[in-house]
Amino acid sequence: MSNQKAVNEQNAVTTATDVPGISPDAMVEQLRALRAQIPEYVQLKVSDARAIRTVASLNPEFAQAAINGVGASPRVEATVGQNAEQLQQMADTAARWTAVEDELKAMLKGVSSANLTRRHRLGQAVLLTYAVSKKLVLVPEHADLIPHLENMRRLNRMGRRKAQVQPPAAPATAPAATPKV
């Protein structure tokens, strides 16, 4: 009877958490559409990102002092090739996109957690199925479950230990005889 109670509780959890929402395929389409709208969107190789990270991570106060220096000197402005207003706009834009980056990281964490929860719910149902099937195959009227149970046993990795490979024993060698002088 406790197995039926567990199934009923599982169904209640599944119903409560599976609120109608967007399908994964539709979400991927929307994410790709959003990606197309992001200015300067790029994927960098790890080596390329590493190469530019130090310069991209300068102290913001240092960057602001440099922007002020461009504004104070026409010669520095000419050398840099951009005026203080342009550099200030670049700094402001980067700061505003940092908020987007943070929000996307939080969303990714939430999606990952939701997927972990889904896989856990599935895992619980699968393990319950396995446990119930092991009991039911003992009754002849449920013999049709035997091939399914055998397949589950073959594929089940839980509770099995990897066979430990024993290192080959070193051959016993007799101590070498020392020549007498």
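The exercises below concern helix packing and one pocket in a predicted model.

**Exercise 1.** Determine how helix α4 is oriented relative to α6, and which residues form their contact.

Solution.
- Step 1. Two packed helices are described by the angle between their axes and the distance between the axes.
- Step 2. Helix α4 covers residues 60–72, and its axis comes within 8 Å of that of α6, with a crossing at roughly 160°.
- Step 3. Angles over 145 degrees count as roughly antiparallel, so α4 is roughly antiparallel to α6.
- Step 4. The handedness of this crossing of α4 and α6 is left-handed.
- Step 5. On the α4 side the contact is made by Gln64, Ile67, Val70 and Gly71, and on the α6 side by Ala84, Leu87, Gln88 and Ala91.
- Step 6. Sorted by class, the contact of α4 with α6 holds five nonpolar and three polar residues, and no charged ones.

**Exercise 2.** Classify the packing of α6 against α7 and give the make-up of their contact.

Solution.
- Step 1. The axes of α6 and α7 lie 10 Å apart, and the packing angle is about 130°.
- Step 2. An angle between 115 and 145 degrees counts as oblique, and α6 and α7 are therefore oblique to each other.
- Step 3. The crossing in which α6 passes α7 is left-handed.
- Step 4. From α6, Tyr130, Ser133 and Lys134 take part, meeting Leu149, Met152 and Arg153 of α7.
- Step 5. By class, the contact of α6 with α7 consists of three nonpolar residues, one polar and two charged.

**Exercise 3.** Describe the second largest pocket: its volume, its lining and the elements that supply the lining.

Solution.
- Step 1. The volume of the second largest pocket is about 230 Å³.
- Step 2. Its lining consists of Gly123, Val126, Leu127, Tyr130, Met152, Leu155, Asn156, Arg157 and Met158.
- Step 3. Two elements give two or more residues to this lining, α6 (84–136) and α7 (146–155).
- Step 4. The largest share, four residues, comes from α6.
- Step 5. By class, the lining of the second largest pocket has six nonpolar residues, two polar and one charged.
- Step 6. Compare this lining with the contact in Exercise 2. Tyr130 and Met152 line the pocket, and Tyr130 of α6 and Met152 of α7 also belong to the contact between these helices.

Conventions:
Residues numbered from 1 in each chain as written. Predicted model: local features only at pLDDT ≥ 70, side-chain atom pairs only at ≥ 80, totals over all residues. Heavy atoms only, no water. 1 Å grid on protein atoms, 1.4 Å probe; cavity = no way out; pocket = protein on both sides within 12 Å on 5 of 7 lines; lining within 4 Å. Points joined across faces, edges and corners; volume = space filled by probe spheres on them. Nonpolar A, V, L, I, M, F, W, Y, C, P; charged D, E, K, R; others polar. Axes fitted to C-alpha atoms, helices over the stretch in contact; angles between N-to-C directions. Parallel < 35°, antiparallel > 145°, perpendicular 65-115°, else oblique. Left-handed = near helix turned anticlockwise from the far one by under 90°. Contact = heavy atoms within 4.5 Å.
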